[in-house]
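Me: I would like a close look at a single part of this structure, taken slowly and with its surroundings in view. Please choose the part and explain how it sits.

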Amino acid sequence: MIDIDAEPGATLRFWRRPHPITMIARAALLALVAVQCVAATHDALCVVWAVLLGVAAVPALAMPRHRVVGPLSRLAEVLITCLATDVIVAHAAHGTPPLRGDSAAAATLPYLLVPFIAATLYRRNLEAVLLFVVAAAVLAGLGAADHRLSHYDYLLVTLLWLMLSGLAAAVTATFQRTLLDRRELPQPYAEATRLLTQLRSVARRLPGATLDPGGLAEHLIDDVRSAAPADRAAVLSASGGSRLVVLAQSGLDRIDWETDLDSDSAIGDAWATQQPVTASRSQARSHSGGDVSALVVPLVAGVRTVGLLVVEADNTGAYPGQVIERVTGLTAPAALRLEAALLFDEVRSLATNEERQRLAREIHDGVAQELVMVGYGIDNALAVLPEDAKDALDELRTLRGEVTRVITELRLSLFELRTEVDRHGGLAAAIAEYARAVGASGGLRVNLSLDESTARLPAAVEAELLRIAQEAITNARKHAGASNLWVTCVVDPPFAQIEVSDDGHGIADQRPEGRYGLAIMAERAERIRGRLEISPRSPNGTTVAVVLGTPLRRGASSG
Amino acid sequence: MSTNATPTARTKVLLVDDHDLIRKGLRHAFERDRQFEVVGEAATVAEAVRQAGALQPDVVIMDLRLPDGSGLEATRALRKSSNTMGIVVLTMYAGDDQLFGALEAGASAFVPKTAPADEVVAAARHAASAPSAFTAADLAEAMKRRLAPSGPQLSPREGQVLRLLADGMSVAGIAKQLFVSESTAKTHISKLYEKLGAANRAQALMTALRLGLLEAPDAPKF
């Protein structure tokens with residue numbers, strides 16, 4: 001629970017209404033004290049103590065939560081109570097029983113309940129303890145000065161009320177805590193809000209792309225390479241199900257890492273046991289054999305495994321105990337960062353997808369239906385116009401053609417908004433489906449060339465690549481006036497290249513900032529640390545390509 | 001089956017769309033045609049099913065997205081109760097899934113909302129005469145798209161390697177043919193096996209044949 005006083009701009013809260021219990025208790029006890037003082041001393045003037053206590057209570061009631069005024073006012077109440085007790089006892093020789101002589105201490109001491117309970121109610125338990133100590137010390141001091149400490153009645157009454165007030169304060173504190181705990185537990189929304197607010201402020205403070213899983217993974221690999229021998233290294237993370245995706249890797253050749261968590265490999269072991277595992281067999285499916293030491297370190301954030309770090313060296317015994325220790329020293333903080341980045345990605349894609357669906361619904365139910373209505377209206381007008389109104393008929397037909405064109409555009413936008421990368425289908429399939437659908441309605445011949453490895457890219461990266469491809473395909477259909485569309489899709493994680501070419505009239509301005517659609521594509525490419533390349537196609541047309549990572553050689557020479 | 005348009009036996013039409021003015025536009029289009037008579041309108045799935053039961057229309061024009069559910073559900077429900085009712089699915093959505101969804105639900109015709117009103121009327125005429133023969137403007141193309149290979153996608157190079165493997169060539173032979181080193185050829189082959197989920201040459205070739213990645217055994221060499 002956040003300390004109310006600590007909140008910025010909470011000055012006004014000092015003036016908030018005091019706790020009702022403290023108001024009622026003060027009123028009741030002040031009345032009691034007034035009556036008992038008079039009863040003990042038979043002197044009406046002694047009401048003045050009750051009045052003094054009342055005055056001391058005013059600041060405590062007005063600003064109970066103030067850091068200084070509240071405690072001071074409660075301290076004043078304690079001191080006045082102690083003083084009043086001393087004076088009343090001294091003048092109570094002829095009081096009404098049982099408030100006579102030393103027992104007259106019971107006339108004023110009940111008032112101690114007020115500052116003690118008030119302090120605990122405002123969650124100032126330390127203040128309550130200090131007040132208790134002060135009260136005990138002052139009462140003892142005054143009692144000793146008046147040689148009253150040996151009087152049995154005085155001791156009994158004083159101790160009794162001190163104990164009673166202390167006990168009441170302790171019970172209040174305990175009760176308060178249970179109440180707060182219960183209020184805090186089942187509040188997922190409050191908790192979520194708090195976490196998201198924190199996330200927002202953290203994300204704002206982070207420089208640039210620090211919440212990017214790929215970048216963090218590359219960082220980790222760089223760090224690890226300086227701490228341990230590594231001919232090949234990779235950071236893998238889970239992508240739902242029992243498959244791993246490659247977030248980053250380094251090595252001379254292209255590597256097919258083992259991505260099946262159920263497989264009987266060091267990768268599967270490390271994931272299951274959450275412990276670093278060494279092996280003398282490569283974790284790369286493409287490895288040709290020979291001496292290898294492999295080290296797989298799970299990236300554990302809290303109790304969850306978020307990913308794996310794999311390093312391999314082409315000799316035996318490359319990872320003794322102290323090297324493993326050095327590596328795990330690097331992975332522990334990296335795991336937390338990676339977890340944060342992956343969560344952030346997930347939240348962002350959840351939010352974006354929801355917004356896209358909402359937008360699609362809005363367009364569908366709103367402007368699109370209204371345009372359809374306009375179209376039917378024109379159809380009806382066309383049907384009732386006499387044959388000889390040739391000009392009007394022509395105009396209306398042209399208008400109908402335009403309306404149909406606009407509705408077609410809207411339908412395709414809806415399709416674009418609703419298309420997502422299927423978890424089982426893969427990126428190439430999603431791009432192909434979109435290209436085919438758009439080609440069909442835009443009169444484009446679509447030529448597809450798809451080369452997709454069985455390994456997958458992270459979901460967030462796939463989503464961005466699909467959006468870039470969609471934008472490029474839409475551009476070709478809308479602006480290029482092309483008759484052919486070539487879509488090439490090579491996915492070999494962490495490398496990927498999507499290329500969309502058309503044989504239209506090309507775009508005049510080749511710089512990404514030249515056109516809105518191009519700017520969006522460039523922005524998306526940047527977000528996944530890809531490169532957007534726009535070039536004229538020979539003999540005519542445009543090629544838009546987005547490239548992620550570097551293509552790695554397969555085997556000894558490129559084929 | 002054919003219904004001759006006579007003034008005495010008009011084709012009864014029920015319009016289902018949650019937009020008032022769209023129903024109005026369609027009603028005008030149908031009223032111009034002497035064959036049809038609009039007997040009712042509905043804005044929800046529930047209303048559509050109820051009205052169809054009460055009015056027994058010959059043709060239902062069904063919007064896909066309705067406030068209380070999908071037009072496909074309504075189509076399924078109507079088709080279950082009657083085999084002779086014509087159902088024209090009218091939709092804003094593009095994409096083949098909607099088209100095949102309508103086909104599966106038992107619709108008689110599928111018309112996009114981009115089409116002019118006359119096309120809706122023409123589809124209704126078809127639906128009334130042949131309710132179980134599905135028609136859509138884009139049907140043939142959609143079928144072609146659906147039948148396009150959806151299995152593993154080979155790169156051009158892998159396609160070459162596959163054909164050479166089918167010809168019974170050795171790794172060394174393939175490397176020579178493609179002007180690459182043997183280890184590169186090996187990598188291509190292992191990637192190919194991986195994509196086809198095969199452990200050896202025989203399995204790879206069988207899978208490729210089954211998926212249509214390989215043509216007849218005597219296909220000419222490139």
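Reply: What follows is a look at one helix, its partner in the same chain and its place at the chain contact.

The model is a predicted one, and the part chosen here is helix α10 of chain A, which covers residues 321-384. As background, chain A has 14 helices and 10 strands, and of its 559 residues 40% count as buried. Among the contacts in chain A with a separation of 6 or more, 66% are made by residues 24 or more positions apart.

Within chain A, the axis of α10 comes within 9 Å of the axis of helix α11, residues 390-418, and the two cross at roughly 165°. Because angles over 145 degrees count as roughly antiparallel, that crossing makes α10(A) roughly antiparallel to α11(A). The crossing of these two helices is left-handed, and their contact, sorted by residue class, consists of 19 nonpolar, four polar and five charged residues.

The helix also takes part in the meeting of the two chains, where 35 residues of chain A are in contact with 36 residues of chain B. On the chain A side, the elements that give two or more residues are α10, α11, α12 (427-442) and β6 (445-452), and of these α10(A) gives the most, with 11 residues. By class, the chain A side that touches chain B divides into 15 nonpolar, 13 polar and seven charged residues.

Taken together, α10(A) lies roughly antiparallel to α11(A), and both helices are among the elements that give residues to the side of chain A that touches chain B.

Methods:
Residues numbered from 1 in each chain as written. Chains lettered and ligands numbered in written order. Predicted model: local features only at pLDDT ≥ 70, side-chain atom pairs only at ≥ 80, totals over all residues. Axes fitted to C-alpha atoms, helices over the stretch in contact; angles between N-to-C directions. Helix = DSSP H or I, 4+ residues; strand = E, 2+ residues; numbered from the N terminus. Parallel < 35°, antiparallel > 145°, perpendicular 65-115°, else oblique. Left-handed = near helix turned anticlockwise from the far one by under 90°. Nonpolar A, V, L, I, M, F, W, Y, C, P; charged D, E, K, R; others polar. Contact = placed C-beta atoms within 7 Å. Buried ≥ 20, exposed ≤ 12 C-beta atoms within 10 Å, placed from the backbone.
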